[in-house]
Amino acid sequence: MGYWDLEEGKDCVTKTWITTKVSTAIGLVGSAYHIVAYPPETAVEALTRATSGTATMAAMGAIFGMATCLSAQARDAPDDPTNYFIGGCASGVFLGARTHSAVTGTTACVGLGALAMFTKIGKKEGWRLTGPPKL
């Protein structure tokens, strides 16, 4: 069962687990690219950088999943795209706190929130990025 198969605002633990797994995988891939692009001097440095990047992405995924689900429950509006904006913004704020930068946090809040909200809107309205045109 995937993320979109679960009902919005229900089963928060499962939704959070799915977003955490996906973001951890993205963090691992991003860390691998970073290590290849900027080779570390020691194996310990490589491990530290990989762990830091992956843990940050995993935490962002967990925050997104939990904030989105709890927002849907608290606002009693399970299918509202605003819940996704709140989850994306919460992840962005965490990134800003992690980097000790208010500018990064604000920008990431707006950017990730908008991306998540438009993803939800697109899912609801059937937007497609690829594939044959609808006739």
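**Opening question**

Is Arg 49 buried, partly exposed or exposed? Arg 49 is partly exposed, because its relative accessible area is 23%, and the buried class ends under 20%. This is a predicted model, and every value below is computed from it.

The partner of Arg 49 is Glu 45. Their closest N and O atoms are 3.3 Å apart, which makes the pair a salt bridge. Glu 45 is partly exposed too, at 31% relative accessibility. Both residues sit in helix H2. They are four residues apart, about one turn of the helix. An α-helix has 3.6 residues a turn, so residues three or four places apart point the same way.

**Salt bridges**

The whole structure holds five salt bridges. Salt bridges with shared partners join Glu 8, Lys 15, Asp 79 and Lys 120 into one network. Side chains of opposite charge can pair when their charged atoms come close.

Take Glu 8 and Lys 15. Their closest N and O atoms are 3.4 Å apart. Lys 15 is buried, with a relative accessible area of 1%. Glu 8 is buried as well, at 10%. Glu 8 also bridges to Lys 120, again with 3.4 Å between the closest N and O atoms. Glu 8 lies in the segment before helix H1 (12-37), and Lys 120 lies in helix H4, so this pair ties together parts 112 residues apart in sequence. Both Glu 8 and Lys 120 are buried.

**Disulfides**

The model has two disulfides. One joins Cys 12 to Cys 69, with an S to S distance of 2.0 Å. Cys 12 belongs to helix H1 and Cys 69 to helix H2, and the two are 57 residues apart. The link is left-handed, with -80 degrees about the S-S bond. Cys 12 is buried at 10% relative accessible area. Cys 69 is buried at 3%.

Cys 89 and Cys 109 form a disulfide with an S to S distance of 1.7 Å. This pair links helix H3 to helix H4 across 20 residues. The torsion about its S-S bond is about -70 degrees, so this disulfide is left-handed. Cys 89 counts as buried at 17% relative accessibility. Cys 109 is buried at 11%. With bonded cysteines counted along the chain, the pattern is 1-2, 3-4.

**Helix H4**

Helix H4 covers residues 102-125, 24 residues in all. From first C-alpha to last, H4 reaches 34 Å, close to the 34 Å expected at 1.5 Å a residue. Gly 126 follows H4, and its phi is positive, near 80 degrees.

Which residues of H4 are buried? They are Gly 105, Ala 108, Cys 109, Gly 113, Ala 116, Lys 120, Ile 121 and Gly 122. Their cover includes helix H2 (43-75) and helix H3 (82-99). Two of these buried residues have appeared above: Cys 109 in a disulfide with Cys 89, and Lys 120 in a salt bridge with Glu 8.

**Nonpolar core**

The largest nonpolar core has six residues. They are Tyr 3, Leu 6, Ile 18, Phe 64, Tyr 84 and Ala 116. Ala 116 is also among the buried residues of H4.

What does Ile 18 touch, leaving out residues up to four places away in sequence? Ile 18 touches Met 1, Gly 2, Tyr 3 and Leu 6. Among these contacts, Tyr 3 and Leu 6 are members of the core.

Key: Residues are numbered from 1 along each chain as its sequence is written. This is a predicted model: local features need pLDDT of at least 70, side-chain atom pairs count only at pLDDT 80 or more; totals for chains, interfaces and linings use all residues. Side-chain values use heavy atoms; hydrogens and water are left out. A nonpolar core is a set of buried Ala, Val, Leu, Ile, Met, Phe, Trp, Tyr and Cys residues joined through side-chain atoms within 4.5 Å. Buried means under 20% relative accessible area, exposed over 50%, partly exposed in between (1.4 Å probe, protein chains only). Contact means heavy atoms within 4.5 Å. The expected span of a helix is 1.5 Å times one less than its number of residues. A salt bridge is a side-chain nitrogen of Lys or Arg within 4 Å of a carboxyl oxygen of Asp or Glu. A disulfide is a pair of cysteine sulfur atoms within 2.5 Å.
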